Amino acid sequence: LSPAWVTADSHFSLSLWQRCFRPGSVPDSEWNCNWALGSDWEIATVALLLAGAAIILIAFLIALISICQGTRRRFYRPVAVLLFAAVVLQVCGLILYPIKFVETATMRTYHEFNWGYGIAWGATIFSFGGAVLYCLNPKNYDDYY
């Protein structure tokens with residue numbers, strides 16, 4: 001398993017932090033890895049994703065504190081707004097990444113987006129679902145508790 005977002009056969013991998021090459025066609029040769037944040041689009045992608053993650057963490061802490069204090073209803077809207085803002089940032093980063101990668105990469109071989117990129121989309125979808133659930137009117141559902 002590789003944390004890379006893009007892989008090509010067994011000689012190239014690109015994650016958010018590292019760009020690795022395996023020289024030659026020898027499968028057991030060493031990987032040569034470099035810092036991946038060399039261009040503006042890579043820095044922008046990381047900044048968008050980290051900003052979204054920070055906003056999700058803040059929303060989680062606000063929700064947790066409001067549950068512990070018993071003031072859940074008061075913080076539904078702010079948490080939903082924070083989650084929607086995080087989703088927008090993450091979607092922008094997740095769309096920017098493949099567009100700019102394909103634009104800047106010289107495609108000499110088949111490249112595929114790996115499982116790490118899919119997990120990032122999954123996390124964004126779950127954040128969107130959480131934001132939608134926080135938008136539901138809680139007054140109608142308090143009778144069940």
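In what order do the elements of the protein run from the N terminus on? In this predicted model, the order is β-β-β-β-α-α-β-α, and the secondary structure comes to 3 helices and 5 strands. Of the 145 residues in the protein, 31% are buried, and the surface that the protein exposes amounts to about 9,500 Å², of which carbon and sulfur atoms supply 66%. Among the contacts with a separation of 6 or more, 59% are made by residues that stand 24 or more positions apart.

The helix α2 (76-104) was examined with regard to its length and its cover. The 29 residues of α2 should span 42 Å at 1.5 Å a residue, and because the end C-alpha atoms of α2 are 42 Å apart, the expected span and the model agree. The buried residues of α2 are Y76, V79, A80, L83, A86, V87, Q90, G93, L94, Y97, P98 and F101, and what covers these residues includes the strands β1, β2 and β5 (111-113) together with the helices α1 and α3.

Nonpolar side chains tend to be buried together in soluble globular proteins. In this model, the largest nonpolar core has 16 residues, and those with the most contacts inside this core are W5, V6, L14 and Y97. At least two residues of this core are supplied by each of β1 (6-8), β2, α1 (40-69), α2 (76-104) and α3 (115-135). A second core, separate from the largest one, has 5 residues, including A59, V79, L83 and A131. Of the residues named here, V79 and L83 also belong to the buried residues of α2.

The contacts of L14 give a view of the largest core from one of its members. When its neighbours within four places in sequence are left aside, L14 is in contact with A4, W5, V6, R19, A36, E42, Y97 and F101.

The residue S15 is found in the loop between β2 (12-14) and β3 (18-21). Is S15 buried or exposed? With a relative accessible area of 14%, S15 counts as buried, because this value is under 20%. Apart from its neighbours within four places in sequence, S15 is in contact with P3, A4, W5, A36 and Y97. A polar atom of the side chain of S15 also lies 3.2 Å from the backbone nitrogen of W17. Two of the residues that S15 contacts, W5 and Y97, are among those with the most contacts inside the largest nonpolar core.

Definitions and conventions. Residues numbered from 1 in each chain as written. Predicted model: local features only at pLDDT ≥ 70, side-chain atom pairs only at ≥ 80, totals over all residues. Heavy atoms only, no water. Helix = DSSP H or I, 4+ residues; strand = E, 2+ residues; numbered from the N terminus. Buried < 20%, exposed > 50% of the residue type's maximum accessible area, 1.4 Å probe, protein only. Contact = heavy atoms within 4.5 Å. Areas by Shrake-Rupley, 256 points an atom, 1.4 Å probe, with all protein chains shown as cover. Polar contact = N/O pair within 3.5 Å; in protein donor to acceptor, adjacent residues only side chain to side chain. Core = buried A, V, L, I, M, F, W, Y, C linked by side-chain atoms within 4.5 Å. Expected span 1.5 Å × (residues − 1).
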